[in-house]
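This briefing looks at how two chains fit together. Keep the sequence and the 3D view open while reading.

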2 protein chains.
Amino acid sequence: MRRKASPMTAVLDRPAVPASPASALVCRNCSARYPLGAQHACLECFGPLEIGYDPAALAGVSRADIIAGPHSIWRYAGFLPVGQDPLTRVDSSTGMTPLIRADRLADELGFTAPVWIKDDSANPTHSFKDRVVSVAITAARELGFDRIACASTGNLANSVAAHAARIGMRSIIFIPSDLEPAKVIQTAVYGATLVGIDGSYDDVNRLCSELSELDEFESTAFVNVNVRPYYAEGSKTLGFEVAEQLGWRLPAQIVAPMASGSLLTKVHKAFRELSSAGLVSRSSWRVFGAQSAGCSPIATAFENGWDVVRPVKPTGIAKSLNIGSPADGPYALDAVRSTGGAMAQVTDDEIRAGILLLARTTGVFAETAGGVTVAVLRKLSESGALDTGQETVVYNTGDGLKTLDAVSDTAQLTAVIPPTVKAIRNAGLL
Amino acid sequence: MRRKASPMTAVLDRPAVPASPASALVCRNCSARYPLGAQHACLECFGPLEIGYDPAALAGVSRADIIAGPHSIWRYAGFLPVGQDPLTRVDSSTGMTPLIRADRLADELGFTAPVWIKDDSANPTHSFKDRVVSVAITAARELGFDRIACASTGNLANSVAAHAARIGMRSIIFIPSDLEPAKVIQTAVYGATLVGIDGSYDDVNRLCSELSELDEFESTAFVNVNVRPYYAEGSKTLGFEVAEQLGWRLPAQIVAPMASGSLLTKVHKAFRELSSAGLVSRSSWRVFGAQSAGCSPIATAFENGWDVVRPVKPTGIAKSLNIGSPADGPYALDAVRSTGGAMAQVTDDEIRAGILLLARTTGVFAETAGGVTVAVLRKLSESGALDTGQETVVYNTGDGLKTLDAVSDTAQLTAVIPPTVKAIRNAGLL
């Protein structure tokens, strides 16, 4: 195992760097604790590890500290496992994406309370994955790795390749070979080694787990395998930012898409950390999860009252959510059930309609995952599971330019005519 | 002509709103002055009008005012013709895009001084056009228009349609019918009326000029025709932001793409305004302009020492720059010549290489216009016209996801293999 580099020796005249608030890797199943490092599974029970923090350190973070920080995810370094020293951060200007008040969308869906879109298509590679990758690659460098890798449904591939190019680190990226062309090209353009796998994302992920154990990959950080505990913490910033952007308070309801289920659980974790640290007043919130009918292992478990998430073989247009064996599925179920939320699944047609509804009411062009989330927002507000009288934040995690095929049949030219006023008149456009 | 609405009556308990620093519309040819309003051409000489300001008002803007403003273009409202009252702004979270220090790019091109990328693909619709549209649609609403329109090579179409969707204003958009599919779909998805014209951008622009004179379009603001003086001012924010992000100083050299030529002249204007207002210390700067060989009317005039810009029929892959009859060509020539800068033009192959060079050294995936700019950066640094010992800012104005075809042949999968370690080994990837 790689050890943490020590960049601090012989550096003079620098302000004292705050220590990391992270204290250990903690098993989410059996609570066994391990030293911080490149480990992701419990040696006792094989459960997934996550970062554990020193509660006193988190309690010491103030609003003023955050506000004084950069306009990026790194303003929340006090709640992250790495990056306390600004010089160690891989900074791609990720985060502090717009929180957009969507009054026209709220009106269409019958909400009387505000609806907000947290628009993560504004990140550098246009998805929320820039958050987790910024944290993961910062950790990877600290832990002494010299190459970065991932298993990806597309957005993660884009982000890993871009971050690696930014800092001049080698990268090797594994994706299902049938991804959208935009996601393939946007990864290869950065100079990454890009390996298409004949198989599903779950096959790709399994392969990467095997590879990460090989000597040949000893110096390679797989962001969502061997440094996954660090990586996953990046998603907490989606919770921190919403709270800060709302004026240091929590929304009553959030709706998030689910692939592995990690994002949703980390927003929930962020809200708990902010509450515990006293940075927001204590209030309750409910968590809602969105999947496509083509890949709904977590939502199906919710709907059937199961505790176990049964793997599925994914289909459908929401490829970025097509994880049939979701690592964080049980934890997503916990977060939703413990807060009194709900989950739902939507068809490909509903996804397309969700993309168009969001675009024409807010000016935000989401990828299929965003269409899933908006369609579930509609479905759960119609069913009454979502309270239309309570403030709601909807997470858009990706960009419509990456999944153009989903709407290319409907989003087309109104007319094609010669450049004359007469033609405009004849086309009925006057 | 529409008159300014007066939203201020009977509003109590609001802080005093600063007056607009704009004082008149001024002819760029003959200096004739007109009252502020929806007018774009001089009645005396038919020259283009631009916004004139009260010098005392501009001199009154302080760094503290700007820093206290929002993290968007509207922090510079003190230098803009509209939006002094925050409640009147159309705010799409545009601006304050990253200024990225590109050390790896600098190394490859032999620069000893810093090279920075101002990355406007981070704007909401992923081009610099969000800046000009935010200002134009704010002005259009103030001037009483109820529909927004444009002639566009694609990025402007995306931005106008998105802004209109955000505020629920009708839009009608005119584009050449042969634009990239991504730009067509991203406009139509917002619900815009989208008219494809069989012809060049210059044909589309001419048609829009005619339409803007018709009674049927009396209440329609064509952002780059009848409200163009307001619209164009939005590009100044590309200059303001760079100066602020550099710590309130000006770079020695800037490189910008040229379509109409407006952007480059407005960055130059912004630097002059900042210097005059004492917000940066006085220093000299040189302005460099980039065009593609497929459409190089301004660069060709520069290279031949002409004062007149001769129209051309555009070709080539840099479609967003394909304006054969550039309205601001003469002013771009002035800005470049008066500062001791230069212009150059590059082939489609050089443009593709520019996109790839930028992507693999910085993690920024630019559209073809960005490829033009980076290729010109290379060309002019090799020729010695750009001083590699002086700090240089390069403007990337758009996003590679919109022009994927430019690099789809080269940016592809390294290998496609089954999901086994053996296959990885056989492919030589261990």
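In this predicted model, A:Ala415 stands opposite B:Val195, a residue of strand 8 of chain B. The strands involved are strand 14 of chain A, residues 415–417, and strand 8 of chain B, which pair in the parallel sense over 3 bridges.

**Symmetry of the two chains**

- A turn of 180 degrees, with a shift of 0.0 Å along the axis, lays chain B on chain A with an RMSD of 0.0 Å.
- The two copies are therefore related as by a two-fold rotation axis.
- Both copies use the same surface: 100% of the contact residues of chain B recur in chain A.

**The interface**

- On the chain B side, 62 residues are in contact with 62 residues of chain A.
- Among the elements of chain B that give two or more residues to this side are helix 5 (155–167), helix 7 (201–211) and helix 13 (348–362).
- Strand 8 (193–197) and strand 14 (415–417) of chain B are also included among these elements.
- By class, the side of chain B that touches chain A has 35 nonpolar, 18 polar and 9 charged residues.

**The nonpolar core**

- In soluble globular proteins, nonpolar side chains tend to be buried together.
- Here the largest nonpolar core has 289 residues.
- The residues with the most contacts inside this core are A:Ala136, A:Ile173, B:Ala136 and B:Ile173.
- Leaving aside neighbours within four places in sequence, A:Ile173 is in contact with residues including A:Ala149, A:Cys150, A:Val160, A:Leu194 and A:Val195.

Definitions and conventions. Residues are numbered from 1 along each chain as its sequence is written. Chains are lettered from A and ligands numbered from 1 in the order in which they are written. This is a predicted model: local features need pLDDT of at least 70, side-chain atom pairs count only at pLDDT 80 or more; totals for chains, interfaces and linings use all residues. Copies are superposed by least squares on the C-alpha atoms of residues with pLDDT of at least 70 in both. Two residues are in contact if their C-beta atoms, placed from the backbone, lie within 7 Å. Helices (H or I, at least four residues) and strands (E, at least two) are DSSP runs, numbered from the N terminus. Ala, Val, Leu, Ile, Met, Phe, Trp, Tyr, Cys and Pro count as nonpolar, Asp, Glu, Lys and Arg as charged, and the others, Gly among them, as polar. Two strands pair if DSSP finds at least two bridges between them. A nonpolar core is a set of buried Ala, Val, Leu, Ile, Met, Phe, Trp, Tyr and Cys residues joined through C-beta atoms within 7 Å. A residue is buried if 20 or more other C-beta atoms lie within 10 Å of its own, exposed if 12 or fewer, and partly exposed in between; C-beta atoms are placed from the backbone.
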